[in-house]
Amino acid sequence: MTKQHLTTNDLFATRAEALAEDALEASTAAYDYDGDQLEREERAALRRVGGLSTELEDISEVEYRQLRLERVVLAGVWSEGTLEDAENSLRELAALAETAGSTVVEGVVQRRQRPDPATYLGKGKAQELRDIVLAEGADTVICDGELAPSQRRALEDVVKVKVIDRTALILDIFAQHAKSREGKAQVELAQLQYLLPRLRGWGESMSRQAGGRVAGGEGIGSRGPGETKIELDRRRINTKISKLRRDIKGMKTVRDTKRHGRRAGGVPSVAIAGYTNAGKSSLLNRLTGAGVLVQNQLFATLDPTVRRAETPDGRLYTLSDTVGFVRSLPHQLVEAFRSTLEEVGDADLLLHVVDGSHPDPEGQISAVREVLAEVGGDSIKEVIVVNKADIADPEVLDRIRRHEKHCITVSARTGEGIEQLRELIAAELPKPEIEVDVLVPYHRGDLVSRLHEEAEILESEHVANGTRLRAKVTPAIEADLSEYVVA
């Protein structure tokens with residue numbers, strides 16, 4: 001009887017303990033819940049992206065290089081979109097790294113909801129990255145995103161090699177490729193703005209101010225001048241930034257004067273914008289014979305080029321080639337190149353060039369439109385020009401045509417579609433709308449010549465007192481012809 005009683009008590013006690021454990025687990029789970037979690041395998045995986053290595057295997061091909069190129073490992077965090085989007089972004093980073101003059105030896109992507117606030121990849125994955133760097137003999141790690149100063153320092157402490165982010169890489173490419181005085185000033189301004197919040201260093205050279213004995217210092221007489229070196233560096237950088245801004249503002253005045261001169265002459269303007277390496281310079285050369293550098297390389301040309309062109313019906317206009325865009329274009333560059341990008345904002349027509357052979361042309365279009373919106377280019381009449389039609393997938397071209405209202409496919413290399421593009425530009429450019437009937441004296445041949453260049457001549461007749469013309473003109477020409485109007 002007693003034994004049966006004890007057994008029943010034990011059973012009740014066991015059930016009570018189980019219920020208590022379940023309640024504790026439910027309570028802990030409620031407190032530990034942090035939104036929808038990713039699958040464990042995805043969170044633990046550090047995926048290697050194949051096909052990124054740019055290292056040459058044949059030693060005869062690299063004999064001309066006097067120094068070994070910097071070997072880099074790429075690291076990205078896949079927090080949104082598909083895996084294909086993440087890999088495309090990393091491949092673009094590989095192209096940027098190769099443009100900067102390095103050799104890509106490996107690339108990895110980690111699946112996370114958001115980058116780790118301490119080391120970008122997370123402590124464990126940062127250590128795995130360190131193992132990859134050692135195995136590949138890499139000199140640098142490039143992260144596919146913008147790192148906070150603390151993230152960069154913490155990741156460098158783990159991997160033990162130099163760590164830079166996407167922004168620093170793009171700034172380095174711009175610094176290599178800027179040729180004009182204005183371009184160099186704009187890039188230097190962007191670099192200093194990027195560097196300013198990233199000045200670092202305590203150490204002995206900083207002369208860090210000591211506190212009292214309570215704070216761990218040496219007390220009275222030990223207080224130094226503070227972080228003198230960092231403050232002096234900040235002051236020098238701020239002074240340099242102010243000077244560069246004044247210089248760029250002066251250069252902007254020259255650019256505005258030229259633009260105003262073209263406007264006063266009634267010459268319409270067409271701006272070419274688009275993703276880097278989409279073929280903007282090739283298209284400019286094909287339309288005008290400008291002779292601008294063309295290279296299969298990201299950001300091969302940075303300095304804007306303005307060239308004169310003519311429609312099939314004889315009207316003059318200008319074509320402006322602007323700096324290329326890229327995903328996550330550093331805001332420092334957008335601000336520094338604002339005066340250059342304003343060429344787009346003041347244009348009458350925008351030719352938005354897209355690389356039809358790119359894996360994600362729609363992503364290119366979105367990235368460019370995002371930057372154009374910051375400089376007022378989103379309100380201009382836009383024509384999507386899908387370039388490289390000779391090597392693009394026909395299904396991709398059809399998809400873009402269906403999605404974009406004003407779209408044309410061309411090939412700057414073969415000349416396919418160029419004549420149709422010229423006709424489209426002529427149709428979309430603003431035409432003279434004011435009809436006038438004037439009698440221009442023979443001694444004002446300059447006005448007659450200007451009418452033939454900038455207006456649409458409807459009738460022309462030579463009479464005793466001069467040239468009788470009926471034409472459609474712009475408001476600027478109408479003002480100059482006011483005294484010769486026939487009543």
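Let me start with one contact: the side chains of Asp247 and Lys243 form a salt bridge, 3.1 Å from N to O. Before going on, I should say that this is a predicted model. Both residues sit in helix 8, which covers residues 228-264. Asp247 and Lys243 are four residues apart there, about one turn of the helix. Are these two buried or exposed? Neither label fits: Asp247 has 25% relative accessibility, so it counts as partly exposed. Lys243 is at 38%, so that residue is partly exposed as well.

That pair is local, within one helix. The next one is not. Arg413 and Asp390 meet through their side chains in a salt bridge, at 2.7 Å from N to O. This pair links distant parts of the chain, 23 residues apart. Arg413 is in the loop between strand 11 (407-409) and helix 14, and Asp390 is in the loop between strand 10 and helix 13 (394-403). Arg413 has a relative accessibility of 64% and therefore counts as exposed. Asp390, with a relative accessible area of 30%, is partly exposed.

A third pair is Asp437 and Arg468, whose side chains make a salt bridge at 2.9 Å, N to O. What does this pair tie together? Asp437 belongs to strand 12, residues 434-440, and Arg468 to strand 14, residues 466-473, so the bridge joins parts 31 residues apart in sequence. On the accessibility side, Asp437 is partly exposed at 24%, and Arg468 is partly exposed at 32%.

There is also a network: Glu92, Asp144 and Arg166 are linked by salt bridges. How many salt bridges does a search of the whole structure find? The count is 24.

Now the overall picture. The protein has 487 residues, and 44% of them count as buried. Its secondary structure amounts to 16 helices and 14 strands. If we take contacts between residues at least 6 apart in sequence, 70% of them join residues at least 24 apart. The exposed area is about 26200 Å², with carbon and sulfur atoms supplying 49% of it.

Next, the interior. As background, nonpolar side chains in soluble globular proteins tend to be buried together. Here the largest nonpolar core has 64 residues. Which residues have the most contacts inside that core? They are Leu74, Leu319, Phe325, Leu351, Leu421 and Ile425. A separate core lies apart from this one, with 20 residues, including Ala75, Val105, Val141 and Cys143.

Leu319 is a useful example from the largest core. Leaving out residues up to four places away in sequence, Leu319 touches Val270, Ile272, Leu284, Leu287, Thr288, Thr305, Val306, Arg307, Ala309 and Leu351.

Two of those contacts, Leu284 and Leu287, bring us to helix 9, residues 280-288. Which residues of helix 9 are buried? Lys280, Ser281, Leu283, Leu284, Asn285 and Leu287 are. So what covers them? The cover includes strand 6 (269-274), strand 7 (305-310), strand 8 (316-321), strand 9 (349-355) and strand 10 (382-387), along with helix 14 (418-428). After helix 9 comes Gly289, which has a positive phi, near 65°.

To close, back to the salt bridges. The Asp247 and Lys243 pair stays within helix 8, whereas Arg413 and Asp390 link distant parts of the chain.

Note on methods:
Residues are numbered from 1 along each chain as its sequence is written. This is a predicted model: local features need pLDDT of at least 70, side-chain atom pairs count only at pLDDT 80 or more; totals for chains, interfaces and linings use all residues. Side-chain values use heavy atoms; hydrogens and water are left out. Buried means under 20% relative accessible area, exposed over 50%, partly exposed in between (1.4 Å probe, protein chains only). Helices (H or I, at least four residues) and strands (E, at least two) are DSSP runs, numbered from the N terminus. Contact means heavy atoms within 4.5 Å. Accessible areas come from the Shrake-Rupley method with a 1.4 Å probe; for residues, only the protein chains shown count as cover. A nonpolar core is a set of buried Ala, Val, Leu, Ile, Met, Phe, Trp, Tyr and Cys residues joined through side-chain atoms within 4.5 Å. A salt bridge is a side-chain nitrogen of Lys or Arg within 4 Å of a carboxyl oxygen of Asp or Glu.
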